[in-house]
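Trainee: Please take me through the nonpolar side chains closely, on the surface and inside. Give the cut-offs as you go.

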Amino acid sequence: MIIEHKIVIADVKLVADFQRYILYWRKRFTEQPITDFCSVIRINSTAPSEEQDNYFLLCDVLPEDRILREELQKQKLKEILEQQQLERNDTNFHGICMFCSEEFLGNRSVLLNHMAREHAFNIGLPDNIVNCNEFLCILQKKLDNLQCLYCEKTFRDKNTLKDHMRKKQHRRINPKNQEYDRFYVINYLELGKSWEEVQLEDDRELLDHQEEDWSDWEEHPVSAVCLFCEKQAETIEKLYVHMKDTHEFDLLKMKLELGLNFYQQVKLVNFIRRQVHQCRCYGCHVKFKSKADLRTHMEEAKHTSLLPEKQTWDQLEYYFPTYENDTLLCTLSDSDSDLTAQQQNENVPVICEDTSKLRALKQNSILNQLPLQECLEN
């Protein structure tokens, strides 16, 4: 159009449906002169008349063009929301995990939640994604071409790529890659605005109204995940009830009976998460082929509440979560208010020694005997 007809369309990438846009203006140009719609740009205006050229700029400064673009945007949004609703209700989805090749049937959310939980690969909430199959195919093709999904570098073999994505924490997509924008509903909400611009506007709105009343603030549900199955609960109280009723695992009771502080609770949760992830029963140390088999065994053998000795799970390595962004860890209580009085009294205060005679203390201190005792023991 530029070369043959000298017509320039401004902001082509912001036209939601280019084919319909072209068909509309093709019809209009047959009804009225092109100069009624386009601004005329003269090229080489100082040159002789035979060397001068006129170009025609079609842009949304023209009210008719602006209205057309907005209508196309609304129509596109309607189609996207309809497609999204179809995918949300679809129970015939079939997909394979990109990292462990496990097969999933049913709804797309099962596969997306699996990759987020088991492989710390999160491309967003399923309800925010549209044309999911095409999206997953593009990501799978990149991995098949040995390309990192975040930094988009190419590697010599699959193992090197896996190590790179794990060590560099690149198990995520590149947010700057505009190829992915069409798979997120937020990019269709407003004409000419990407998800980054929409988020920036949200932040500015928060800053502008930060002095307003927050009395009507409502927290978002935590959506914490059960330690033994895929069950998610809107509140931590409901999750505790679910684990107690379904799996006979009472985390609050264990906390009180064992006198667990906050950090010990963290290590216990991470220990159980890791054992379940590895399909291993922590009660009898038997390993199973699947989590379903493990869950059946632990419930039938009553092993969910059969914790191993404290020194097994109270280790430094369990400070690190098994799953990224484990919401259950964020809801653990660090308060001692629900411990019994006897357990609280066990925290005997330490009274410092009289330091007025430091030389005598150093000579008679029991610490002087420790190196000798360690040597004898060795």
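Mentor: Helices here are DSSP runs of H or I with at least four residues, and strands are runs of E with at least two, numbered from the N terminus. The model is predicted: local features need pLDDT of at least 70, side-chain atom pairs count only at pLDDT 80 or more, and totals for chains, interfaces and linings use all residues. Residues are numbered from 1 along each chain as its sequence is written, and side-chain values use heavy atoms, without hydrogens and water.

Start at Phe320, which lies in the loop between helix H12 (310–313) and helix H13 (327–330). Its relative accessible area is 59%, so Phe320 is exposed (over 50%; buried is under 20%, partly exposed in between; 1.4 Å probe, protein chains only). Together with Tyr263, Leu316 and Tyr319, Phe320 makes a nonpolar surface patch of about 500 Å² (nonpolar side chains joined within 5 Å, residues with over 30% relative accessible area and no salt bridge, that is, no Lys or Arg side-chain nitrogen within 4 Å of an Asp or Glu carboxyl oxygen; areas by Shrake-Rupley with a 1.4 Å probe).

Now the inside. The largest nonpolar core (buried Ala, Val, Leu, Ile, Met, Phe, Trp, Tyr and Cys joined through side-chain atoms within 4.5 Å) has 30 residues. Leu227, Phe228, Leu239, Phe249, Ile272 and Tyr282 have the most contacts inside this core. Two or more residues each come from helix H8 (236–247), helix H9 (251–258), helix H10 (262–277), helix H11 (291–300) and H13. H10 contributes the most, six residues. Leaving aside residues up to four places away in sequence, Ile272 touches Leu227, Phe228, Phe249, Tyr282 and Leu307 (heavy atoms within 4.5 Å). A second, separate core has 25 residues, among them Cys97, Ile123, Ile138 and Leu149.

Technical notes
Patch = residues over 30% accessible without salt bridge, like charges linked within 9 Å, V, L, I, M, F, W, Y side chains within 5 Å.
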